[in-house]
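Me: I am new to this structure and would like a close look at one part of it. Could you take me through it slowly, and then show me what else is worth seeing?

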Amino acid sequence: MSYKTQMHGSGESYRGIVPAKQPNEGLGGPQEVVEGRPRTKENEGQPNSRRTPSRESEPSGLDLVRQAARKDEELRFTALLHHVSIDLLRDSYYSLKKKAAPGVDGKTWEEYGAENLEGRLADLHGRIHRGGYRAKPSRRVWIPKADGRQRPLGIAALEDKIAQHAIGTVLNQIWEEDFLGFSYGFRPGRSQHQALDALYVGITQKKVNWVLDLDVKSFFDKVDHGWMIRFVEHRIADRRIVRLIQKWLQAGVMEEGRWFETKEGTPQGSVISPILANLYLHYVLDIWAKVWREKVAQGDMVIVRYADDAVLGFQHRSDAERFLEQLRERMRKFGLELHPDKTRLIEFGRYAAERRKKRGAGKPETFNFLGFTHICGRSREQGYFTIYRKTMGKRMAAKLKDIRQTLRQRMHASVGDTAGWLRSVVRGYFQYHAVPDNEARLRAFRKDVQRLWLHQLRRRSQRSRWTWERFLERLGATLPPVEILHPWPPARFAARHPR
């Protein structure tokens, strides 16, 4: 099978031209057509809006870069830095998170722009173009993971964030034309739910009997700098851009006042890291897996990757085992390793339950992907094969623990303020987790939040008169009701990929 990925234009500004808005979700490029059917052409290369009607027919500089990258997949770009204009730096500044924690420079978003923003951007622009820009080390912080361990995050200085966002905008015009359709993580116009939709459709509509759940161990900490630069230079021949990337990779980290050299890895949490991570796995995994599917696999094969997490479906167990063995060897070549506990090959699919029952092996195993546990099942009405997706128990428990701790901190806040905060928390949780067939987990989450809130109210006074019934009548019912907010995956996938 041949899978030709068609990507779409999302051009940015060129010198003196007001930056266009980012494309909406429909312009981010199509997902992988996991069924193996011919690709469909979507709204390709829509032009940016311009300041005056007379410029509407003139593509911006980055539009031309993207068009050139689309036209010639072997083309190496020798002059890109001039696209990093003051306009693009300003647009990058306004694209950053306003409430993000400061880096080693101690500057917040508001402080940087409060006084003489244009002068600061002009100074940054000059340093970038004359080679005087110096990357600052990232400030390392540790955040807890759902399994109890801690994940290191690198918080870049504000000017580094601006520069990284601008350079990433330029590079994305090229690499978005190269990245394959089954890659979803940290890409414009793509989301976690689109990856979940593609996986659901692939497993239910292809001949999938085995699922390989992949997890790259400590990926962001193990990226090899030498290989990274080689991958960058496949398409980027502008030495000034390459040197900027090297500066960010080698800037090191600061922790408790001490500087630590970074000989490998890319700081997880920096603006440029997701783009570089996708590039690294594009060459290490995606291209190789695509060729393997087309030339080695004996049966159907499905691939969905989101950052360093990937799920693959196979028709034949022999294909899955051969792929896994060869992938381990390939990962070692590039300094990576598959997580021994989180990488699993399981029997999963339309006939998994029936076959395992005959062998007396029990129910099919489940796997986790993007916050959901995927379970083999049958629809309640027609009895056809389906996949039930339930919120992961560890994720739900971690969220409830976070809510409980925050409620303790808000012990003396007004009831109205706490009610408003809880409503926003529950609403945000539902916006991601409210997928079909997940109602039971949503109801359990809402009820647990109500119990935590009631417990806080009772602790506010030794003579609390809050009973469960009174609480539900007065406050508990104000939390958002349980309702499914996402369509069935085949419906949304078909809408984005009409046949």
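At what angle do the axes of helix α8 and helix α9 cross, and within what distance do they come?

Reply: Happy to walk you through it. Please keep in mind that this is a predicted model.

Let's start with your two helices. Helix α8 covers residues 225-232 and helix α9 covers residues 239-249. Their axes cross at roughly 155° and come within 11 Å. An angle over 145 degrees counts as roughly antiparallel, so α8 is roughly antiparallel to α9. The crossing in which α8 passes α9 is right-handed. To find the contact on your screen, look on the α8 side for His225, Met228, Ile229 and Val232. Their counterparts in α9 are Val242, Ile245, Gln246 and Leu249. Sorted by class, the residues in this contact of α8 with α9 are six nonpolar and two polar, with no charged ones.

Now stay with α8 and turn to another partner, helix α10, which spans residues 273-295. Here the axes come within 10 Å and cross at roughly 85°. That angle makes α8 roughly perpendicular to α10. From α8, the residues that take part are Trp227, Met228, Phe231 and Val232. From α10 come Leu276, Leu279, Tyr280, Tyr283 and Val284. The classes in this contact of α8 with α10 are nine nonpolar, no polar and no charged residues. Two names may look familiar: Met228 and Val232 meet α9, and Met228 and Val232 also belong to the contact with α10.

Helix α10 leads us on to the aromatic rings. The model has 22 aromatic pairs. One of them is formed by Trp292 and Phe323, with 5.2 Å from centre to centre and 85° between the planes, an edge-to-face arrangement. This pair links distant parts of the chain, since Trp292 lies in helix α10 and Phe323 in helix α11 (residues 317-333), 31 residues apart.

Next, the strands. An open sheet is built from four strands in the order β2-β1-β4-β5, and its pairing is mixed. At the edges are β2 (150-155) and β5 (258-260), each paired on one side only. On average, neighbouring strands of this sheet are turned by 40° against each other, with direction ignored. Strand β1, residues 138-144, pairs with β2 in the antiparallel sense over six bridges. Within that pairing, Arg140 stands opposite Gly154 of β2. Strand β1 also runs parallel to strand β4 (residues 253-255), and two bridges join them. There, Arg139 faces Met254 in β4. As background, the strands of a sheet pair through backbone hydrogen bonds, either parallel or antiparallel.

Another open sheet has three strands in the order β9-β10-β11, and the pairing is antiparallel. Its edge strands are β9 (367-369) and β11 (385-391), each pairing on one side only. From one strand to the next, the twist averages 40°. Strand β10 (residues 372-378) and β11 pair over seven bridges in the antiparallel sense. If you want one bridge to look for, take Ile375, whose partner in β11 is Tyr388.

One more helix pair rounds off the tour. Helix α6 (residues 192-205) packs with helix α17 (residues 489-496) at an angle of about 105°, with the axes 9 Å apart. These helices, α6 and α17, are therefore roughly perpendicular to each other. On α6 the contact is made by His193, Gln194, Asp197, Ala198, Tyr200, Val201 and Gln205. On α17 it is made by Pro489, Pro490, Arg492, Phe493 and Arg496. By class, this contact of α6 with α17 has six nonpolar, three polar and three charged residues. You can set that beside the contact of α8 with α10, which has no polar and no charged residues.

Technical notes
Residues are numbered from 1 along each chain as its sequence is written. This is a predicted model: local features need pLDDT of at least 70, side-chain atom pairs count only at pLDDT 80 or more; totals for chains, interfaces and linings use all residues. Side-chain values use heavy atoms; hydrogens and water are left out. Two strands pair if DSSP finds at least two bridges between them. Axes are lines fitted to C-alpha atoms, for helices over the stretch in contact, and angles run from 0 to 180 degrees between N-to-C directions. Angles under 35 degrees count as roughly parallel, over 145 as roughly antiparallel, 65 to 115 as roughly perpendicular and the rest as oblique. A crossing is left-handed if the near helix is turned anticlockwise from the far one by less than a right angle, and right-handed if clockwise. Contact means heavy atoms within 4.5 Å. Ala, Val, Leu, Ile, Met, Phe, Trp, Tyr, Cys and Pro count as nonpolar, Asp, Glu, Lys and Arg as charged, and the others, Gly among them, as polar. Rings of Phe, Tyr and Trp (its six-membered ring) pair if their centres lie within 6.5 Å; planes under 30 degrees apart count as stacked, over 60 as edge-to-face and the rest as tilted.
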